[in-house]
Amino acid sequence: MIPKKNRLGNNRDIKKILFSGFQIVGKYGTLKYIYLTEKRNAPDYKIAIPVKKILGKAHRRNKLRRQIDSVVAGYFKENRVNSREGVYLGIVFIPNNSEVAYTDLKEDLEDILRKIPINESSKSFASEDRA
């Protein structure tokens with residue numbers, strides 16, 4: 001289960017990421033992200049994992065959510081993100097297949113996460129395609 005401090009619970013932030021965030025497409029899903037600000041101490045990232053019912057029954061969808069969360073949490077634990085105070089990375093990962101092996105999902109998702117610029121200033125967002 002995603003810790004509360006790492007959940008994107010605000011519907012406004014999720015819509016902002018979906019409609020005006022940056023997009024990276026992988027083999028097993030699409031990751032959308034944007035840098036967001038928070039007045040108090042912000043975590044490194046906040047994530048939402050919307051899984052459509054077409055991907056299977058509830059136990060399959062929940063297992064997929066847990067696997068995705070595990071990969072993302074492990075990635076940020078290994079690669080500490082030095083974000084500015086009050087700035088965090090808002091992530092929405094939309095999977096497109098529930099029948100994928102965990103190792104394949106982990107490889108694909110880590111490749112996608114490596115493509116995200118760690119700080120806003122580390123890459124010009126003007127050259128990136130918007131979703």
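Where is the place of Lys 32? Lys 32 sits in strand S2, and that strand makes a handy starting point for a walk through this structure. Keep in mind that this is a predicted model.

**Lys 32 and its surroundings**

Is Lys 32 buried or exposed? Its relative accessible area is 12%, and buried means under 20%, so Lys 32 counts as buried. Its side chain reaches the backbone oxygen of Leu 18 at 3.4 Å. Across from Lys 32 in S2 stands Gln 23.

**The sheet**

Let's zoom out to the strands. There are 4 of them in an open sheet, and the order runs S1-S2-S4-S3, with mixed pairing. Strand S1 (22-25) and S3 are the edge strands, each pairing on one side only. On average, neighbouring strands of this sheet are turned by 25° against each other, if you ignore direction. S1 and S2 pair in the antiparallel sense, over 4 bridges. Helix H3, which covers residues 102-114, lies across S1, S2 and S4, and runs at about 40° to S2.

**Helix H1**

Now for helix H1, residues 11-20. Which residues of H1 are buried? Asp 13, Ile 14 and Ile 17 are. Looking down the axis of H1, you'd find its buried residues within an arc of 100°, so they line one face of the helix. What covers them includes strand S2 (29-37), strand S3 (45-48) and strand S4 (87-95). Turn to the face of H1 that points away from the buried side, and you meet the exposed residues Arg 12 and Phe 19. The start of H1 has a contact of its own: a side-chain oxygen of Asn 10 comes to within 3.0 Å of the backbone nitrogen of Arg 12.

**Aromatic pairs**

How many aromatic pairs does the structure hold? It holds 3, and the table shows two of them, Phe 22 with Tyr 33 and Tyr 75 with Phe 76.

| Pair | Kind | Centre to centre | Between the planes |
|---|---|---|---|
| Phe 22 and Tyr 33 | tilted | 5.6 Å | 35° |
| Tyr 75 and Phe 76 | edge-to-face | 5.6 Å | 90° |

Phe 22 belongs to strand S1 and Tyr 33 to strand S2, so their pair ties together parts that are 11 residues apart in sequence. Phe 22 and Tyr 33 are both buried. Tyr 75 and Phe 76 are buried as well, and together with Tyr 45 they form one aromatic cluster.

**Ile 91**

Our last stop is Ile 91, which lies in strand S4. Its relative accessibility is 0%, so Ile 91 counts as buried. Which residues does Ile 91 touch, not counting residues up to four places away in sequence? Several names from earlier turn up: among the residues it touches are Ile 17, Lys 32, Tyr 45 and Phe 76. Ile 17 is one of the buried residues of H1, Lys 32 is in S2, and Tyr 45 and Phe 76 belong to the aromatic cluster. Other contacts of Ile 91 include Leu 8, Leu 31, Ile 47 and Leu 113. Finally, look at Ile 91 and Ile 49: they are 42 residues apart along the chain, and their C-alpha atoms are separated by 8.4 Å.

Conventions
Residues are numbered from 1 along each chain as its sequence is written. This is a predicted model: local features need pLDDT of at least 70, side-chain atom pairs count only at pLDDT 80 or more; totals for chains, interfaces and linings use all residues. Side-chain values use heavy atoms; hydrogens and water are left out. Buried means under 20% relative accessible area, exposed over 50%, partly exposed in between (1.4 Å probe, protein chains only). Helices (H or I, at least four residues) and strands (E, at least two) are DSSP runs, numbered from the N terminus. The arc is that of the directions from the helix axis to the C-beta atoms. Contact means heavy atoms within 4.5 Å. A polar contact is a pair of N or O atoms within 3.5 Å; within protein, one must be able to donate a hydrogen and the other to accept it, and residues adjacent in sequence count only if both atoms are side-chain atoms. Two strands pair if DSSP finds at least two bridges between them. Axes are lines fitted to C-alpha atoms, for helices over the stretch in contact, and angles run from 0 to 180 degrees between N-to-C directions. Rings of Phe, Tyr and Trp (its six-membered ring) pair if their centres lie within 6.5 Å; planes under 30 degrees apart count as stacked, over 60 as edge-to-face and the rest as tilted.
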